Amino acid sequence: MSRIGKNPISIPAGVTVEVNENTVTVKGKLGQLSQDFSNVSVKVEEGQVLVERSSDSKEQRAQHGLYRALINNMVVGVSEGFTKELELVGVGYRASNQGQKLDLALGFSHNIVLELAPEVKLETISEKGKNPIVKLTSHDKQLLGLISAKIRGFRKPEPYKGKGVKFVGEVLRRKAGKSA
């Protein structure tokens, strides 16, 4: 049996979980999320969400832990939320925002302007002597990961000097460069 799938998900105060046929809807103070599921059964009992499967087929075993993790991410998201911070390392790399528009100067001939989804809160931090930081906050973990990966993809960190867009706390594998 899946070790992740058999763990119950405790529902914190202020969060409601509803199961309608093949859809789970989670509502909390930060928003509302829904997820379709198949090949497993989801039950809400005594302040806990239980994900169970009917057989030991390979497909059901694979989806057992998957849907448990997705529902857990939804519960954590609507109660606490998720945050990702991206750091711009490089001379002249800048970030600014007007509302939901992120303006990045990453050494290309033109700035990159990215319109973000309304579910994602955007904040840019620019202090003198420190690298600019783009802070993204959302209740949807999948959307947050997608947007942060897209921003990182504009200029991935290179292995020699470490210039580019990286996650705060990310450890880069550095190379020595050519020796004279």
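Contact here means heavy atoms within 4.5 Å, and the views below are all drawn from a predicted model.

**View 1. Surroundings of Gln60 in helix H1.** Leaving aside neighbours within four places in sequence, Gln60 is in contact with Asn39, Arg53, Ser54 and Ser55. One of these residues, Ser54, is also a polar partner, since the side chains of Gln60 and Ser54 make a polar contact at 3.3 Å. Gln60 belongs to the helix that spans residues 58-79, and it counts as buried because its relative accessibility is 10%, where the cut-off for buried is under 20%.

**View 2. Surroundings of Val51 in strand S6.** Val51, placed in the strand of residues 48-52, has a relative accessible area of 4% and is therefore buried. When residues up to four places away in sequence are not counted, the residues that Val51 touches are Gly5, Val40, Ser41, Val42, His64, Arg68 and Ile71. Val51 can also be viewed together with Lys6, as the two are 45 residues apart in sequence while their C-alpha atoms are 6.8 Å apart in space.

**View 3. Surroundings of Ser148 in helix H2.** With a relative accessible area of 1%, Ser148 is buried. A polar atom of the Ser148 side chain lies 3.1 Å from the backbone oxygen of Gly145. Not counting residues up to four places away in sequence, Ser148 touches Lys84, Leu86, Leu136 and Phe167.

**View 4. The hairpin of strands S2 and S3.** Strand S2 (residues 16-20) and strand S3 (residues 23-28) run antiparallel and are joined by 5 bridges. Within this pairing, Val17 stands opposite Val26 of S3. The two strands of the hairpin have 2 residues between them, and Glu21, which is in the turn, has a positive phi of about 50°.

**View 5. The largest pocket and its lining.** The space in the largest pocket comes to about 160 Å³. Its lining consists of Leu33, Ser34, Gln35, Leu70, Asn73, Met74, His139, Asp140, Lys141 and Gln142. Two or more residues of this lining are given by each of strand S4 (31-36), H1 and helix H2 (141-154). By residue class, the lining divides into 3 nonpolar, 5 polar and 2 charged residues.

Technical notes. Residues are numbered from 1 along each chain as its sequence is written. This is a predicted model: local features need pLDDT of at least 70, side-chain atom pairs count only at pLDDT 80 or more; totals for chains, interfaces and linings use all residues. Side-chain values use heavy atoms; hydrogens and water are left out. Two strands pair if DSSP finds at least two bridges between them. Helices (H or I, at least four residues) and strands (E, at least two) are DSSP runs, numbered from the N terminus. Buried means under 20% relative accessible area, exposed over 50%, partly exposed in between (1.4 Å probe, protein chains only). A polar contact is a pair of N or O atoms within 3.5 Å; within protein, one must be able to donate a hydrogen and the other to accept it, and residues adjacent in sequence count only if both atoms are side-chain atoms. On a 1 Å grid over the protein atoms alone, a cavity is a set of points where a 1.4 Å probe fits but cannot get out, and a pocket is an open set with protein on both sides within 12 Å along at least five of seven lines; lining residues have an atom within 4 Å of a point. Grid points are joined across faces, edges and corners, and a volume is the space filled by probe spheres set on the points. Ala, Val, Leu, Ile, Met, Phe, Trp, Tyr, Cys and Pro count as nonpolar, Asp, Glu, Lys and Arg as charged, and the others, Gly among them, as polar.
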